[in-house]
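Open the model in your viewer and keep the selection box at hand. The tour moves from one selection to the next.

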Amino acid sequence: NETKEYILNKRICDKIEKGLKEYGGIEVLRIDDGTEMAISTRAAKANAFKADFYLAIHHNAGIAGGAGGGIEAYVYLKTNDITKVWQSELYNSLVAETGLRGNRSQPLRSADLGECRETAMPAVLLECGFMDSTADTPIILTEEFAQKAANACVKAIAARAGAVAVKQPTAQTDTKPETASKSVEVIAREVIAGKWGNGAERKTRLAEAGYYAAKVQSAV
């Protein structure tokens with residue numbers, strides 16, 4: 001009763017979000033806000049965003065102090081082959097990275113879970129180990145596990161999206177953007193290549209150079 005599930009979930013999500021920023025062409029919408037947000041609200045936000053994929057990060061329970069456990073990946077009862085590919089690739093990546101295979105006879109599962117049922121895009125819910133397992137708990141509480149789990153998700157998502165890691169500019173590299181003399185399409189390609197940085201820094205640099213950040217992002 002000392003560590004709430006949300007703390008473990010958020011730690012992995014934070015690391016996933018940070019990892020995906022290293023890839024061009026991937027835009028992330030974080031839905032969790034630290035509250036028990038209704039499932040219908042989560043799904044509605046993702047649907048309005050027109051996401052290509054929905055990932056839910058959770059931690060399991062139900063062993064009551066037993067030694068079993070491991071990672072499980074859930075999809076909705078009625079789903080398509082694309083979603084099943086997402087499910088298997090995420091699960092395989094997580095197990096390969098963390099080693100937390102556990103003893104579940106059916107680690108790739110389907111169930112009537114709201115986050116998978118009400119989302120309009122392929123959706124996978126990952127249970128990243130059992131919080132009441134004597135085998136899993138010492139592992140999933142660690143920073144090392146959270147980082148490995150996040151790395152696994154980032155690798156799987158980037159591979160499925162066909163995204164390529166972009167080289168970030170350094171202080172020693174001359175990456176000063178030119179003033180607004182290029183087309184939006186050209187600038188968009190430079191954004192994907194990482195020339196303009198990320199997040200707020202990108203918007204600021206684009207604005208200073210005379211470009212409208214929203215139009216560039218749309219082109220990206």
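**Stop 1: the cysteines**

Select the cysteines of this predicted model: the disulfide count comes to zero. A disulfide is a covalent bond between the sulfur atoms of two cysteines. Start with Cys 13. Its closest cysteine sulfur belongs to Cys 153, 8.4 Å away, which is too far for a bond. Cys 13 has 16% relative accessibility, so the residue counts as buried. Go on to Cys 128, which is in no disulfide either. Here too the nearest cysteine sulfur is that of Cys 153, at 6.2 Å. Cys 128 counts as buried, because its relative accessibility is 1%.

**Stop 2: the whole chain**

Zoom out and switch to cartoon. The protein has nine helices and four strands. Trace the elements from the N terminus: α-α-β-β-α-β-α-β-α-α-α-α-α. The C-alpha trace spans about 65 × 40 × 30 Å along its principal axes. Colour by accessibility next. Of the 220 residues, 40% are buried. Now consider contacts between residues at least 6 apart in sequence: 78% of them join residues at least 24 apart.

**Stop 3: the sheet**

Select the four strands. They form an open sheet in the order 1-4-2-3, with mixed pairing. Its edges are strand 1 (54-60) and strand 3 (108-110), each of which pairs on one side only. Neighbouring strands are turned by 25° against each other on average, direction ignored. Strands of a sheet pair through backbone hydrogen bonds, either parallel or antiparallel.

In which sense do strand 1 and strand 4 pair, parallel or antiparallel? The pairing is parallel, over six bridges. To see one of the partnerships, select His 58 and Glu 127: Glu 127, in strand 4, is the bridge partner of His 58. Stay on strand 1 for a moment. Six of its seven residues are buried, leaving this strand mostly covered.

Move to strand 2 (residues 71-75). This strand pairs with strand 4 (residues 123-130) in the antiparallel sense, over four bridges. Pick Tyr 74 and look across to strand 4, where Leu 125 is its bridge partner.

**Stop 4: helices across the sheet**

Add helix 1 (residues 5-20) to the selection. Helix 1 lies across strand 1 and strand 4 and runs at about 140° to strand 1. Then add helix 3 (residues 81-98). Helix 3 lies across strand 1, strand 2, strand 3 and strand 4. Its direction is at about 170° to strand 2.

Back on helix 1, select Lys 18, which lies in this helix. Lys 18 counts as exposed, because its relative accessibility is 62%. Measure to Ala 150 with the distance tool. The two C-alpha atoms are separated by 9.2 Å, although the residues are 132 apart along the chain.

**Stop 5: the aromatic pair**

Show the side chains of Phe 53 and Trp 86. The model has one aromatic pair. A pair of aromatic rings is described by the distance of the centres and the angle of the planes. Phe 53 and Trp 86 are stacked, at 3.7 Å centre to centre and 10° between the planes. The pair links distant parts of the chain, 33 residues apart. Phe 53 sits in the loop between helix 2 (39-49) and strand 1, while Trp 86 is in helix 3.

Are these rings on buried or exposed residues? Phe 53 is buried, because its relative accessibility is 17% and the cut-off is under 20%. Trp 86 is buried as well, with a relative accessible area of 9%. Now select Arg 160. Arg 160 lies over the face of Trp 86, 5.3 Å from the ring centre.

**Stop 6: two positive phi values**

Finish in the loops. Most residues other than glycine have a negative phi, and most peptide bonds are trans. Which phi does Lys 50 have? The value is positive, near 55°, in a residue other than glycine. Lys 50 is in the loop between helix 2 and strand 1. The residue is exposed, with a relative accessible area of 69%.

Jump to Ala 64, in the loop between strand 1 and strand 2. Ala 64 is not a glycine, yet its phi is positive, at about 55°. With a relative accessible area of 71%, Ala 64 is exposed.

Definitions and conventions. Residues are numbered from 1 along each chain as its sequence is written. This is a predicted model: local features need pLDDT of at least 70, side-chain atom pairs count only at pLDDT 80 or more; totals for chains, interfaces and linings use all residues. Side-chain values use heavy atoms; hydrogens and water are left out. Two strands pair if DSSP finds at least two bridges between them. Helices (H or I, at least four residues) and strands (E, at least two) are DSSP runs, numbered from the N terminus. Axes are lines fitted to C-alpha atoms, for helices over the stretch in contact, and angles run from 0 to 180 degrees between N-to-C directions. Contact means heavy atoms within 4.5 Å. Rings of Phe, Tyr and Trp (its six-membered ring) pair if their centres lie within 6.5 Å; planes under 30 degrees apart count as stacked, over 60 as edge-to-face and the rest as tilted. Buried means under 20% relative accessible area, exposed over 50%, partly exposed in between (1.4 Å probe, protein chains only). A charge sits over a ring if NZ of Lys or CZ of Arg is within 6 Å of the ring centre and within 35 degrees of the ring normal. A disulfide is a pair of cysteine sulfur atoms within 2.5 Å.
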